[in-house]
Amino acid sequence: PVIDPAWANPNGVPIEAILFGGRRNSLVPLVTEAFTWPQGVFMGSIISSELTAAAEGTVGSVRRDPFAMLPFCGYNMGDYFGHWARFRQKLGYNSPKIFYVNW
């Protein structure tokens with residue numbers, strides 16, 4: 001396994017990247033880096049995935065799933081979007097890069 005040597009540091013470890021991803025057979029590049037934090041939040045909010053045999057529904061149909069979190073988000077998704085939009089203000093200049101991944 002890969003783990004940061006300082007994983008038990010009570011101050012935490014730096015986060016260099018945030019990955020949001022879906023799974024599409026075509027149209028979406030394998031990896032896309034956001035140029036800005038707002039663009040990264042937007043990219044996370046528009047994630048969609050094609051259903052596979054492992055998912056409920058018609059194989060190949062597209063499911064919209066903002067931040068790939070709909071099954072796990074226990075509160076209003078508008079509030080969740082706002083959280084991500086405001087989060088960078090707390091992080092400052094050294095905020096992690098955001099990537100949209102397709103796999």
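Lys97, in this predicted model, sits in strand E5. Leaving aside its neighbours within four places in sequence, Lys97 is in contact with four residues: Glu16, Ala17, Ile18 and Glu33. At 47% relative accessibility, Lys97 is partly exposed, because buried means under 20% and exposed means over 50%. The C-alpha atoms of Lys97 and Val41 are separated by 11 Å, and the two residues are 56 residues apart along the chain.

One of the contacts of Lys97 is also a salt bridge. Lys97 pairs with Glu33, and the closest N and O atoms are 3.6 Å apart. This pair links distant parts of the chain, since Lys97 belongs to strand E5 and Glu33 to strand E2, 64 residues apart. Glu33 has a relative accessibility of 36%, so Glu33 counts as partly exposed.

How many salt bridges does the structure hold? There are three. Another of them joins the side chains of Arg24 and Glu50, with an N to O distance of 3.7 Å. Arg24 lies in the loop between E1 and strand E2 (31–33), whereas Glu50 lies in strand E3 (residues 48–50), so this pair ties together parts that are 26 residues apart in sequence. Are Arg24 and Glu50 buried or exposed? Both residues are buried. A further salt bridge is formed by the side chains of Arg63 and Asp65, at 3.3 Å from N to O. Arg63 has a relative accessible area of 38% and is therefore partly exposed. Asp65, with a relative accessible area of 5%, is buried.

The next step is from strand E5 to the nonpolar interior. Ile98 touches Ile18, Phe20, Thr32, Glu33, Ala34, Trp37, Gly40 and Val41, not counting residues up to four places away in sequence. Several of these names return in the description of the core. The largest nonpolar core has 14 residues, and those with the most contacts inside it are Ile18, Phe20, Trp37, Phe67, Tyr80, Trp84 and Ile98. Which elements give two or more residues to this core? They are strand E1 (17–22), helix H1 (37–45), H2 and E5.

Aromatic rings come next. A search of the whole structure finds nine aromatic pairs. In one of them, the rings of Phe67 and Tyr80 have their centres 5.3 Å apart and their planes at 85°, so the pair is edge-to-face. The reasoning here rests on a cut-off: planes over 60 degrees apart count as edge-to-face. Phe67 lies in the loop between strand E4 (62–64) and helix H2 (77–91), while Tyr80 lies in helix H2, so the pair ties together parts that are 13 residues apart in sequence. Both Phe67 and Tyr80 are buried. Ring pairs also link a wider set into a cluster: Phe20, Trp37, Phe67, Tyr75, Tyr80, Phe81, Trp84 and Phe87.

Phe67 deserves another look, this time at the backbone. The phi angle of Phe67 is near 60°, a positive value in a residue other than glycine. Phe67 has a relative accessibility of 3%, so Phe67 counts as buried. Ala68 is also placed in the loop between E4 and H2. Phi of Ala68 is near 55°, again a positive value in a residue other than glycine. What is the relative accessible area of Ala68? The value is 28%, so Ala68 is partly exposed.

The last stop is the surface. Leu19, Leu30, Val31 and Trp103 make a nonpolar surface patch of about 460 Å². Trp103 is found in the segment after strand E5 (97–102). Trp103 has a relative accessibility of 59%, so Trp103 counts as exposed.

Taken together, strand E5 appears at several points along this route. Lys97 in strand E5 forms a salt bridge with Glu33 in strand E2, E5 is among the elements that give two or more residues to the largest nonpolar core, and the segment after E5 holds Trp103. The loop between E4 and H2 is another recurring place, with Phe67 and Ala68 both found there.

How values were computed: Residues are numbered from 1 along each chain as its sequence is written. This is a predicted model: local features need pLDDT of at least 70, side-chain atom pairs count only at pLDDT 80 or more; totals for chains, interfaces and linings use all residues. Side-chain values use heavy atoms; hydrogens and water are left out. Patches are made of residues with over 30% relative accessible area and no salt bridge: like charges are joined within 9 Å, nonpolar side chains (Val, Leu, Ile, Met, Phe, Trp, Tyr) within 5 Å. Accessible areas come from the Shrake-Rupley method with a 1.4 Å probe; for residues, only the protein chains shown count as cover. A salt bridge is a side-chain nitrogen of Lys or Arg within 4 Å of a carboxyl oxygen of Asp or Glu. Helices (H or I, at least four residues) and strands (E, at least two) are DSSP runs, numbered from the N terminus. Buried means under 20% relative accessible area, exposed over 50%, partly exposed in between (1.4 Å probe, protein chains only). Rings of Phe, Tyr and Trp (its six-membered ring) pair if their centres lie within 6.5 Å; planes under 30 degrees apart count as stacked, over 60 as edge-to-face and the rest as tilted. A nonpolar core is a set of buried Ala, Val, Leu, Ile, Met, Phe, Trp, Tyr and Cys residues joined through side-chain atoms within 4.5 Å. Contact means heavy atoms within 4.5 Å.
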